[in-house]
Structure formats: C-alpha cells, structure tokens
Amino acid sequence: MKLNTKRTILVGLAFLSISAFWQMYDSVVPLILANNFRLDESWTGVIMAADNILALFLLPLFGGLSDRVNTPIGKRMPFILCGTAISAILMNILPRLANAYYGSPAPGTLVAFILVLGLLLVSMGTYRSPAVALMPDVTPKPLRSKANAVINLMGAIGGITYLAIAALLYSDSRIAGHYTLGSIAGEGGIPVAVVDYSTLFAVVSCIMVVAIAVLYITIKEPKLAAQNRAYEAAHPEENLTQTAADGSETLPREVKRSLAFLLLSISLWFVGYNGVTTWFSTYISRVMGEGIGGASTCLLVATAGAIVSYIPIGTLASRIGRKKTIMGGVALLAICFFTAFLVTVNATAITPPMFILFALVGLAWAAINVNSLPMVVEMCKGSEVGKFTGYYYTFSMLAQVVTPVVAGSLLKTVGYKTLFPYAAFFVACSFVTMCFVRHGDNKVAAKKGLEAFDVED
C-alpha cells in the first residue's frame, strides 16, 4: 500500500491556510492588545483564551455536523469554503480598528474590535475540524501517520511563510520607517513600538484564499472518500469498535481507557507548548527589548526544524510505532523548555543557543503532532472521523483556554522568566499519562533501506 503524496499535499492546503492564520494570531494579537489597547497581561490572556473557549463548542459541533452533511461537493468542503471566505474578510478589519483606537481611544472602538474578533474566531471554528478530518476521510488507516506528516509539513509551510513575511516586513529597521504608529514604555522603561499590522493581515488573508481555491479545484472529496470507505469495508480487522446486536458500534472499555489517557496527554502538552507560543512575542519584547522580528526569527527556526522532521518522523513512526515516537518527542520538548529557561534567565538579547533550542523544539513538536491525531482517529469507525477529530480539538483547546490566563497571571505576578519552567512541567506530566495509552498505535511493518520511503507520487 502506497501513500499518494501529491494528493495528500493538496489536501494539506487546508491546514496550510489554518496554520498561517493561527501563527499570525498567536504572534500579533497579544501585541495589539498589550500595545494598541494598553491591556495588562491578565486581560490579554483572557481575550487570547476566547478562541479556545469557543473552540470547545465549535470544533466538536462542526466536526460532528460535517459527518452528517452530504452535498455534491462533499462533507467537509462546504465548511472549508464558507469559513475561509468569511474569515478573510473579517481579519482585515481588525488592524484598522486597533490603529483607530491607538490614535483616538474610545470605548466604542474597543467594543467593535472585540465583536469583530469574536466573529472571526467563530468563522475559523466552523471549518477547522472539517478541514483536518478531510485527511483521514481520504486516507486508509495504515497510512495516516505518513499522511499526517505531509499534512503537518503543509501546516509548517503555512506557518513559516507567515514568519518569513513578518520577519521581512516587520524587521526593526522597517518598523521604524514604515509601520510605527508610536511607542509605549515596556518593562524597565524599554520603549516598545506600536505597529500598524494592516499589511500583514492582508497578505495572510490572500494566502488563505489562494490555498483553499487550489484545494477546491484539485480535490474531489466525494470520489476520494468513497474509495476510502470501500477500503475500510474490505479490511474490518482494522476497526477497534465492537458491533452490538442492534447494529450499533461502541468502543471496548480498554480502548475507552486508552482514549481518555491519550486525550489527557494532548491537553497537558498543549498547556506547555501553547503557553510558550502565546506569550513568546511579548516575552521577547518586555524582557529583551526585541521587536516582533526577533521573536518571529526564533519561531521561524522552530518551524524550520519541524519542517525537516515531519517526513522522517512519519517514517520513524511506521517503524517503531506512534506511541514510542510521541514519547520521545515529549521527553525532548520538556528538556528543551527547561534548557531554554537556563539560557534566557539572565539574557538581554537573543543568542545563538536559542536558535539551536528552537530547532530542537520543532523536531520534538513534529514527533508529537504527526502521530497524536492518527492515534485518536485510529479508535473510531470511518463515519465518525469528524466526531473524533472534534474530541482531539476539544482537549487541545481546553488546554489552550487555561494556559493563556494561567501563564499570563504567572508572568504578571512572578515574572516573565517563569514561562519556560511552566511549559517544561506540563509537558513532562504528559509523558507520564502517555505511559497508560495502550491502543491507537499503528502496526509496525518491518521494511529495509529505500523501501521505508515507498510513496506514490
């Protein structure tokens, strides 16, 4: 059995568009809230948690709803098309409202910003689960780790595209010459630039629209999903569910237990990882006096580390199993975050060791991310892929509801240098819970040499 790499790349365009948006959202919106609207860390954390609160309801809702929808263009495609179009319009309104508030603070402008932000988060939430569920819809179970490696590679390309654009357009020299609206006092009296991000939002919205247009033109979802259902019908031994006398299917008790520990592990490593991604731009700004260009460069290195790791990680998982690959990634991520604390505790600027650490963070996150969703959907039947994808996002988003607020309060009351120990602790906890996961792994197939890279173009 061979993975159709070209088709998987095209399916991954949906994840590319989503990743580009969220990379920008996590990097820029905290700066807008802190600098343009002058909100403190606690209020910024509350607002940054709003997308995850909405996601707790929207992602399982629309994931399950897309399981039951049947249109001429497929189950997932209507949600992807409509969600992208609405999001592209709304996101370009945000920086204009932020600029207006900084120039002339008014409660009405702040209310309008929060309203538009809320609508944008809803529109993004309507299609995230359907977009992610599209891959397992059209990919047989044994190939989903390799396919998810390609999907995550596409997501990384979306993220790295954003980071490259941000680093280029919003370097310290270009900010001063093109985009600066003014300045405010940062930690220790360090001046922090207040920036116009309208150009950045416009570029990212164009990337999203183009990516989804190509996806729609090239991927015929109904035909590909039918082919995958035929494969699953011919291989019932890969189904972990049990069929009752009335024809209903349920998970055995031991599989439910594994699913519960897996979902708990997902929450724990997202608490740690998202704590860093949410606050890193502000951390760099307030502690080191660096602009968004410096933070973007570090995150760019991490994304590059993930990009070069995705395909090898998918191959490694096919050899040693998904669980072992995840646990290796979790251990490495916890070590990297603790080491980052040691490297940055007395630093006043970004140093070369930080780039090495962020490259390893990218490798570790690739090992975790490539295999966690396939482990979840491995436990369901084909008609419930959207529902189980919703479970995955419910628990990942639950973590991301908690961590911006908790980490933000910790940074405010104790200090910004607690960020990395906080992240390392929760990632280490996820290693413990993963020890109790017994199902969802792939059947390891022994292959030699170039056969391990056997994919169909």
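This tour proceeds through a predicted model, selection by selection.

**The whole chain**

Begin with the protein chain in a cartoon representation. The chain holds 16 helices and six strands. Colouring by relative accessibility shows that 58% of its 457 residues count as buried. Among contacts with a separation of 6 or more, 84% involve residues 24 or more positions apart.

**Helices α5 and α6**

Select residues 94–103 for helix α5 and residues 107–137 for helix α6. Two packed helices are described by the angle between their axes and the distance between the axes. For α5 and α6 the angle is about 165° and the axes are 9 Å apart. Angles over 145 degrees count as roughly antiparallel, and α5 and α6 are therefore roughly antiparallel to each other. Their crossing is left-handed.

Now display the side chains at this contact. From α5, the participants are Leu 94, Leu 97, Ala 98, Ala 100 and Tyr 101. From α6, they are Thr 109, Leu 110, Ala 112, Phe 113, Val 116, Leu 117 and Leu 120. The contact of α5 with α6 comprises eleven nonpolar residues, one polar residue and no charged residues.

**From Phe 113 to the loop between α2 and α3**

Keep Phe 113 selected and turn to the aromatic rings. A pair of aromatic rings is described by the distance of the centres and the angle of the planes. The whole structure contains 17 aromatic pairs. In one of them, Phe 37 and Phe 113 have ring centres 4.6 Å apart and planes at 50°, so the pair is tilted. Phe 37 belongs to the loop between α2 (13–36) and α3 (41–68), while Phe 113 belongs to α6, so the pair ties together parts that are 76 residues apart in sequence. Are these two residues, Phe 37 and Phe 113, buried or exposed? Both Phe 37 and Phe 113 are buried.

Select Arg 38 next, which lies in the loop between α2 and α3. Most residues other than glycine have a negative phi. Arg 38 is not a glycine, yet has a positive phi of about 55°. Its relative accessibility is 44%, so Arg 38 counts as partly exposed.

A further aromatic selection is Phe 21, Trp 22 and Tyr 25, which form one cluster.

**Helices α3 and α11**

Move on to α3, residues 41–68, together with helix α11, residues 253–288. The axes of α3 and α11 are 11 Å apart and make an angle of about 155°. The two helices α3 and α11 are therefore roughly antiparallel to each other, and their crossing is right-handed.

Which residues meet in this contact of α3 and α11? On the α3 side, select Glu 41, Thr 44, Gly 45 and Met 48; on the α11 side, select Thr 278, Trp 279 and Arg 286. By class, the contact of α3 with α11 has two nonpolar, three polar and two charged residues.

**Helices α11 and α13**

Retain α11 and add helix α13, residues 322–344. These helices pack at an angle of about 25°, with their axes 12 Å apart. Angles under 35 degrees count as roughly parallel, and α11 and α13 are therefore roughly parallel to each other. The crossing of α11 and α13 is left-handed.

The α11 residues to show are Trp 269, Gly 272, Tyr 273, Val 276, Tyr 283 and Met 288. They meet Ile 326, Val 330, Leu 333, Phe 337 and Thr 344 of α13. Nine nonpolar, two polar and no charged residues make up the contact of α11 with α13.

**Two buried asparagines**

Remain on α11 and select Asn 274, which is found in this helix. With 5% relative accessibility, Asn 274 counts as buried. Beyond residues up to four places away in sequence, Asn 274 touches Asp 26, Gln 400, Thr 403 and Pro 404.

For the final stop, select Asn 148 in helix α7, residues 144–169. Asn 148 also counts as buried, at 4% relative accessibility. Which residues is Asn 148 in contact with, leaving aside neighbours within four places in sequence? Asn 148 is in contact with Met 135, Asn 369, Val 370, Asn 371, Leu 373 and Pro 374.

Terms used: Residues are numbered from 1 along each chain as its sequence is written. This is a predicted model: local features need pLDDT of at least 70, side-chain atom pairs count only at pLDDT 80 or more; totals for chains, interfaces and linings use all residues. Side-chain values use heavy atoms; hydrogens and water are left out. Helices (H or I, at least four residues) and strands (E, at least two) are DSSP runs, numbered from the N terminus. Buried means under 20% relative accessible area, exposed over 50%, partly exposed in between (1.4 Å probe, protein chains only). Contact means heavy atoms within 4.5 Å. Axes are lines fitted to C-alpha atoms, for helices over the stretch in contact, and angles run from 0 to 180 degrees between N-to-C directions. Angles under 35 degrees count as roughly parallel, over 145 as roughly antiparallel, 65 to 115 as roughly perpendicular and the rest as oblique. A crossing is left-handed if the near helix is turned anticlockwise from the far one by less than a right angle, and right-handed if clockwise. Ala, Val, Leu, Ile, Met, Phe, Trp, Tyr, Cys and Pro count as nonpolar, Asp, Glu, Lys and Arg as charged, and the others, Gly among them, as polar. Rings of Phe, Tyr and Trp (its six-membered ring) pair if their centres lie within 6.5 Å; planes under 30 degrees apart count as stacked, over 60 as edge-to-face and the rest as tilted.
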